[in-house]
Structures are given as structure tokens and as C-alpha cells.
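Here are my notes on this model, in the order I'd go through it with you at the screen. Have the viewer open as you read.

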Amino acid sequence: MSDAIWWQRGIVYQIYPRSFQDSDGDGVGDLRGVVRRLDYLVALGVDALWLSPIFPSPMADFGYDVEDYCDVDPLFGDLAAFDRLIGEAHRRGLKVILDLVPNHTSDRHPWFVASRASRDDPRRDWYLWHDPRPDGSPPNNWLSNFGGGGWEWDAATAQYYFHSFLKEQPDLNWRNPAVRQAIYDVLRFWLDRGVDGFRVDVIWLLIKDEQLRDNPVNPSFRPDEASQHRLLPLYTADRPEGQAIVEEMRDVLDAYDERVLIGEIYLPVERLVAYYGKDLRGAHLPFNFQLLSTAWNASGIARIIAEYEAALPPGAWPNWVLGNHDNHRIASRIGAAQAPVAAMLLLTLRGTPTIYYGEEIGMADVAIPPDEVQDPYEKQQPGIGVGRDPERTPMQWDADPNAGFTAGRPWLRLAPDHEARNVAMLAQDPTSILALYRRLIALRRTHPALAVGRLEHVVAVDEILIFERRHGAGHFAILLNFGHEDRVVARPGPEIPAIVLLSTVLDERGDALRPEIALRADEGVILDLTRLPG
Ligand code: TEU
């Protein structure tokens with residue numbers, strides 16, 4: 001694995017800082033809390049932690065509304081606490097990735113305060129201000145991604161400004177070179193402090209159409225969908241000029257050693273891969289979210305894998321995401337029985353895996369009663385299932401009343417099963433999902449074929465997904481039963497006895513001979529097909 005870079009061979013673990021570990025009893029997680037749990041991450045075996053935004057923020061969108069890009073919100077700590085986190089992480093061999101939110105700021109950011117103060121302010125052109133149409137209505141039909149119109153009227157200066165998300169999140173004008181330089185300075189500020197890379201929020205939305213053309217109507221809009229899907233975001237997303245910005249960000253990182261640029265991009269695969277950039281001068285890892293939305297069956301996933309591999313530009317490094325803070329948890333999407341299969345899939349595919357905190361203990365969505373809803377997206381479109389609180393509940397560490405997360409009252413309610421489903425208890429159980437995650441990660445670290453090896457022979461046979469990984473002499477087959485019934489399937493690989501390296505059931509299985517292997521319901525196995533020397 002020596003020639004692979006850390007972000008290629010490694011595993012990323014996403015921490016939602018509000019919900020990971022509180023250290024001061026205010027019910028909100030913080031940086032000192034993260035430091036306390038670093039040894040847990042080392043024991044789990046991940047390589048890098050990505051922190052969702054920790055910057056000063058009014059928290060209208062829980063940190064995705066940044067008031068100051070170069071400081072830490074007092075809820076989470078301060079710069080000294082951050083430096084300590086970097087130091088403690090690096091001492092343990094862990095990388096730290098920050099969440100950069102460059103598409104918009106908070107409306108309380110001094111840049112926007114100045115920008116809205118007057119039409120003549122030098123910062124006016126840092127945001128997207130436009131005159132109304134003659135009848136006073138907004139400049140065009142663009143919508144907010146949280147629902148409702150995307151234009152907010154400013155009576156004092158008699159213009160509209162555009163916001164892709166909340167009105168408290170005005171969009172920056174990325175056509176303005178001064179804006180670009182200001183954000184690149186932010187990157188350098190953190191790179192100089194030692195951060196190992198960035199996950200860039202909505203990197204495919206940064207540039208909007210200069211002519212302000214109306215977005216077309218979406219012919220396949222269903223009335224039960226979130227209302228912004230009424231229009232196709234033709235002129236507000238994935239604009240050609242956006243590629244140059246990604247390259248410029250990459251240039252900033254390239255002045256440093258081995259830092260990673262990850263882009264948050266929800267696009268079809270053929271457009272997604274454009275974000276690797278011309279000659280791979282773009283993002284190192286345009287996030288591949290296909291597993292978040294695809295139907296959970298063997299043939300569909302075989303197709304996704306094949307299409308993704310085929311679409312990757314030469315030399316581009318793949319990646320896979322199974323969960324994040326914006327999507328329902330995997331155990332809730334596919335059922336608890338399949339969660340181990342999903343874990344084995346994520347951790348044996350070719351490409352950098354990203355694990356969302358809590359998935360390793362099988363956390364599920366938590367139903368949040370209407371009067372406890374925190375998420376502004378849910379508040380804007382209540383009751384249609386877009387809310388993101390269910391996947392953001394506190395990490396379950398132990399059987400204490402607040403799951404070891406806080407000594408106070410957690411900002412979001414805990415999962416009802418936290419007394420039984422928590423790190424302390426699952427760590428005692430050699431057949432738990434936590435044990436499975438640890439074993440899978442350990443295998444991936446031990447066998448280069450599983451981390452950086454080639455991916456071959458991807459097929460679906462009935463409900464079984466089969467693929468192979470190879471590197472040097474290492475040769476493995478992965479068989480995943482997406483069905484809830486036992487099945488027998490032809491065993492792949494050469495005619496030698498294969499060792500069952502790991503089953504998701506975490507019991508002992510004998511060697512797997514040819515021609516057939518039996519899989520239990522919801523079982524996945526890794527077979528070692530490596531020929532012994534001699
Ligand atoms: O998300 C962008 C995004 O497109 C969505 O996943 C979004 O959360 C939602 O589904 C609305 O369409 C990023 C962040 O990950 C998210 O938490 C922020 O709310 C959003 O940007 C704004 O910064």
C-alpha cells in the first residue's frame with residue numbers, strides 16, 4: 001500500500017460535532033468531547049475524521065451558516081481547543097478534515113452585514129443582489145433548496161438577494177475575484193493550522209447563471225416531493241464555470257503536502273465525475289452518494305458499481321458514502337438485518353469509504369416529535385419526511401441515562417434503545433455490529449487487496465452480489481446476500497479451498513470449496529482466495 005496516499009487507502013469517519021460527545025454539560029457536543037473519544041476512533045481503526053462545521057454561527061442551519069470562517073464557535077470550544085484536537089489527533093495518526101461552507105455565509109457574517117448596508121458598499125458585489133422585475137417580483141423563478149422562493153427582498157436597499165438555502169444563508173458571488181481570494185485565504189488559515197483537508201459544502205452549486213435565466217419546470221415532479229423539485233436546477237447548479245473554482249481550491253491545497261479536497265456533490269454519475277477536473281486537477285474525491293438513494297438490491301448495486309467504475313476518469317480514485325447528516329440512517333433505510341451487509345459492502349468496495357458516526361453501532365433514525373424539531377428544513381416543509389434530526393441524534397456511548405453523551409439535557413432526544421445499543425455494551429459482544437465494523441476495518445488495513453486492490457467480476461446472482469478484489473498475490477471474493485432467505489450460489493475464484501475470512505454473522509465457518517457456497521439470510525462473507533505459496 002506504500003504508494004497509496006492516506007486518503008486513498010484510509011477510511012473517513014464523519015463526526016457531527018453537536019452530537020458526538022459533550023464535555024461541559026450544555027447538551028451539545030464539543031471539541032474537548034471529540035478529543036476524549038479519539039482513542040475510540042483509533043480502536044475502531046479509521047484514518048481521518050471529518051468534522052461538520054465548527055465555526056461561529058447563529059446556528060440557523062446548525063453551523064452551515066458561518067459567521068466567521070476563521071474561528072471556533074464557543075459552543076464547540078475555541079481555537080486553542082481546536083489546536084489541541086489537531087495535535088492529539090495527529091499524535092495518534094489520525095487526520096482531521098474540516099467542513100468548508102463557501103457557497104453562502106450567515107446573514108450575520110460581517111461581509112453580508114456590510115453588503116446589505118448600502119448599494120455602494122465595497123462588499124455589495126460579494127453577494128447576489130438584483131433588482132426586482134418591473135412589477136416588484138423577484139428577478140426570476142429560482143427556488144431555495146429548503147423550499148420556497150430563493151430571493152429575499154431587502155427593503156432598505158430595494159433589491160433582492162439570492163439564497164440557495166435559508167434566507168439567513170445568503171449566497172456569495174463567486175464571480176467576484178475578491179470573494180474567491182477571501183475564501184482561499186480561509187483555506188490557507190486552516191491548512192497552516194495543520195488541517196489535512198476539506199469537505200467542501202455544495203461545491204456544485206457555487207456558480208449561478210449570469211443571465212439569471214429561469215429554471216425549467218420538472219416534468220416528473222410528484223406532489224408528495226419537497227417543493228423545490230418543482231423546477232430543474234439547470235441554471236443554479238453544476239454550471240460549467242464552477243470547474244475553474246474547484247481547480248483554484250485544489251491549487252491552494254497543492255501548495256501543501258498531501259491534503260485532500262472532497263466535494264459534496266449530488267449529481268448523476270456522469271456529471272459527478274467531471275468534478276475530478278480536467279487532468280484530475282479538481283477534487284480528489286467528489287463524494288459518491290449513490291448508495292444513499294439507490295434501491296437496496298443486488299442487481300441494482302452491481303449496476304451502480306459497474307457504471308461508476310466505468311465512468312471514472314483514468315487515475316481517478318473512487319469513494320463510497322453510506323450515510324451522512326442529511327440522509328436517513330442506513331439501518332432505517334434498509335432494515336437492521338441488512339445493516340451488516342451494507343457495512344461489508346462499504347468496507348470491501350474499491351474506493352475511500354466514509355462512515356457516518358453511529359453507523360458502526362447500528363444507530364437508526366429517531367422519531368422526533370413535532371414540538372422537538374430542530375432542523376430548519378423540516379420546519380419549512382413539515383411532515384413530508386425531509387427532516388434531518390432523526391439521523392443527528394446523540395452518539396450512544398454507554399448505558400448511562402444520557403448514553404454518556406452529556407451530563408446535561410441533550411439538544412436532540414436520544415434513541416429509545418440507547419440503553420441496549422451503545423458502544424460499551426456492543427464492545428463486549430463479539431457478534432455485535434461494532435465488532436463487525438472493527439473486524440472489517442482491521443481486514444482492510446491488513447490486506448492491500450481490500451483497500452487499494454483492483455475490483456473485478458462484479459455480478460449479481462439472484463439476491464447475491466459478488467465481486468473480487470486483487471492486489472499482488474492477494475485475492476479475495478466478497479459475497480453479499482441482499483435477501484432475507486438462505487441461498488446457495490456458485491463459489492467464485494480458482495479451484496482451491498477458500499478460507500472464509502469473515503462472515504457478517506461473526507461465527508466460524510469452514511473452508512469454502514467449489515462449486516457452491518451456502519449463504520444464510522442477510523449474510524455477507526469475505527473469502528480469501530489467495531494461493532498459498534508452494
Ligand atoms: O447539503 C446540501 C444538500 O444538497 C442537501 O443534502 C440538503 O441537506 C437538503 O437535502 C436540502 O436539499 C449541505 C449540508 O450537508 C447541509 O447540512 C446543509 O444544510 C446545506 O448544505 C446548506 O449548507
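Helices and strands here are DSSP runs, numbered from the N terminus: a helix (H or I) needs at least four residues and a strand (E) at least two. Keep in mind throughout that this is a predicted model.

1. **A loop with an odd leucine.** Start at L212, which is found in the loop between β7 (197-200) and α7 (242-254). Its phi is positive, about 55°, although L212 is not a glycine. As background, most residues other than glycine have a negative phi. Is L212 buried or exposed? With 18% relative accessibility, L212 counts as buried, because the cut-off for that label is under 20%.

2. **Elsewhere in that loop.** T236 also lies in the loop between β7 and α7. T236 counts as buried, at 11% relative accessibility. What does the side chain of T236 make a polar contact with? The partner is the side chain of N215, at 3.1 Å.

3. **The loop between β16 and β17.** Two things caught my eye here. One is L506, found in the loop between β16 and β17, which has a positive phi of about 60° without being a glycine. L506 is buried, with a relative accessible area of 12%. The other is P515, placed in the loop between β16 (499-503) and β17 (516-519). The peptide bond from R514 to P515 is cis, and its omega is near 10°. For context, most peptide bonds are trans. I'd look at both spots on screen.

4. **What surrounds the ligand.** There are 17 residues around the ligand, and D61, D201, H325, D326 and R388 come nearest. By type, the shell divides into 7 nonpolar, 3 polar and 7 charged residues.

5. **Polar atoms facing the ligand.** Which distances are worth displaying? D61 has a polar side-chain atom 2.5 Å from an oxygen atom of the ligand. For D326, a polar side-chain atom lies 2.5 Å from a ligand oxygen atom. R199 has a polar side-chain atom 3.0 Å from an oxygen atom of the ligand. As for cover, the ligand on its own has 480 Å² of accessible area, and the protein covers 91% of that.

6. **R199 and E264.** Stay with R199 for a moment, since its side chain also makes a polar contact with the side chain of E264, at 3.2 Å. E264 lies in the loop between β8 (260-263) and α8 (269-272). E264 is buried, with a relative accessible area of 3%. So R199 is a good residue to centre the view on: a polar side-chain atom of R199 lies 3.0 Å from an oxygen atom of the ligand, and the R199 side chain is in polar contact with that of E264.

7. **Domains.** How is the chain divided? Domain 1 takes in 6-104 + 177-438, domain 2 covers 110-162, and domain 3 runs over 454-528. The C-alpha centres of domain 2 and domain 3 are 57 Å apart.

8. **Two helices.** Helix α12 (residues 339-348) is mostly covered, with 10 of its 10 residues buried. Among them are P340, M344 and T348. Helix α15 (residues 433-446) has 14 residues and spans 20 Å from its first C-alpha to its last, close to the 20 Å expected at 1.5 Å a residue. The buried residues in α15 include I433, Y437, L440 and R444.

9. **Two buried leucines and some long distances.** L480 sits in strand β14 (residues 474-481) and is buried, with a relative accessible area of 0%. How far apart in space are L480 and P74? C-alpha to C-alpha they are 45 Å apart, with their positions 406 residues apart in sequence. L322 belongs to the loop between β10 (319-321) and α11 (330-334). L322 counts as buried, at 2% relative accessibility. The C-alpha atoms of L322 and P219 are separated by 29 Å, and the two residues are 103 residues apart along the chain.

Notes
Residues numbered from 1 in each chain as written. Predicted model: local features only at pLDDT ≥ 70, side-chain atom pairs only at ≥ 80, totals over all residues. Heavy atoms only, no water. Near = heavy atom within 4 Å. Polar contact = N/O pair within 3.5 Å; in protein donor to acceptor, adjacent residues only side chain to side chain. Areas by Shrake-Rupley, 256 points an atom, 1.4 Å probe, with all protein chains shown as cover. Nonpolar A, V, L, I, M, F, W, Y, C, P; charged D, E, K, R; others polar. Domains from an automatic or database assignment. Expected span 1.5 Å × (residues − 1). Buried < 20%, exposed > 50% of the residue type's maximum accessible area, 1.4 Å probe, protein only.
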